[in-house]
Amino acid sequence: MSFDLRPYQEPDFETLWQIDQQCFLPGIAYSKREMNMFLRRSGAVCLVAEETANEGAALNPSNPDSGINPHILGFVIVHLHHQKAAAHVITIDVLSRARRLGVGTALMAAAEKRALDCSCTVMHLEAAADNDSALAFYARHGYTILRKVPDYYAPGADAYTMTKPLA
């Protein structure tokens with residue numbers, strides 16, 4: 001499967017929100033209001049991974065009336081904090097059919113490059129303490145655990161704050 005990365009566009013919103021709902025449990029997945037707020041926040045960067053044109057058309061016919069783009073494979077939202085020279089991954093979501101194909105790696109690399117281009121020297125993120133695959137993904141990409149945050153997602157749903165120097 002081949003894909004390209006591109007900046008977020010307003011018509012992508014419903015698709016990105018649906019992907020987030022598939023990637024996270026109810027109560028942890030963002031509401032439409034929350035996602036909209038993250039996308040509109042000053043310093044927000046959202047990159048979208050999309051299948052190369054026509055490659056997935058036979059398997060994923062488009063329905064323009066649904067507001068869903070079936071060619072979007074995943075996305076990352078990052079906030080760049082220029083004053084702190086730090087960036088924060090709000091979420092990185094990849095459809096299950098596109099996992100282990102390099103989509104997440106490409107999104108993280110592009111987000112890190114954008115952060116570096118804006119003079120950020122460190123990237124932070126949170127990951128569920130019980131999500132072994134996410135923790136392994138981040139470790140493979142150079143992130144280390146900084147601290148455990150009890151009840152980050154909900155009571156009993158802890159997270160790790162992870163960090164990576166970008167310089």
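## Strand β4 and the largest pocket

In this predicted model, strand β4 and strand β5 (residues 122-128) pair in the parallel sense, with three bridges between them. One contact to look for is A86, which stands opposite V122 in β5. To get from β4 to β5, the chain passes through helix α3 (residues 103-117), and this β-α-β crossover is right-handed.

β4 also pairs with strand β3 (residues 72-81), here in the antiparallel sense over eight bridges. L80 has A87 of β4 as its bridge partner. β3 and β4 form a hairpin with four residues between them, and A85 in the turn has a positive phi of about 55°.

The table sets the two pairings side by side.

| Strand pair | Sense | Bridges |
|---|---|---|
| β3 and β4 | antiparallel | eight bridges |
| β4 and β5 | parallel | three bridges |

How much of β4 is buried? Nine of the nine residues of β4 (residues 86-94) are buried, so the strand is largely enclosed by the rest of the structure.

Now to the largest pocket, which holds about 1,100 Å³ of space. It is lined by 42 residues, and those closest to its centre are F24, I92, N131, A134 and Y138. Elements giving two or more residues to this lining include α1 (13-23), α4 (132-140), β6 (144-154) and β7 (157-165). Which element gives the most to the lining? That is β4, with seven residues. By character, the lining of the largest pocket divides into 25 nonpolar, nine polar and eight charged residues.

Technical notes: Residues are numbered from 1 along each chain as its sequence is written. This is a predicted model: local features need pLDDT of at least 70, side-chain atom pairs count only at pLDDT 80 or more; totals for chains, interfaces and linings use all residues. Side-chain values use heavy atoms; hydrogens and water are left out. Buried means under 20% relative accessible area, exposed over 50%, partly exposed in between (1.4 Å probe, protein chains only). Two strands pair if DSSP finds at least two bridges between them. A crossover is right-handed if, with the strands pointing away from the viewer, the path from the first strand over the helix to the second runs clockwise. On a 1 Å grid over the protein atoms alone, a cavity is a set of points where a 1.4 Å probe fits but cannot get out, and a pocket is an open set with protein on both sides within 12 Å along at least five of seven lines; lining residues have an atom within 4 Å of a point. Grid points are joined across faces, edges and corners, and a volume is the space filled by probe spheres set on the points. Ala, Val, Leu, Ile, Met, Phe, Trp, Tyr, Cys and Pro count as nonpolar, Asp, Glu, Lys and Arg as charged, and the others, Gly among them, as polar.
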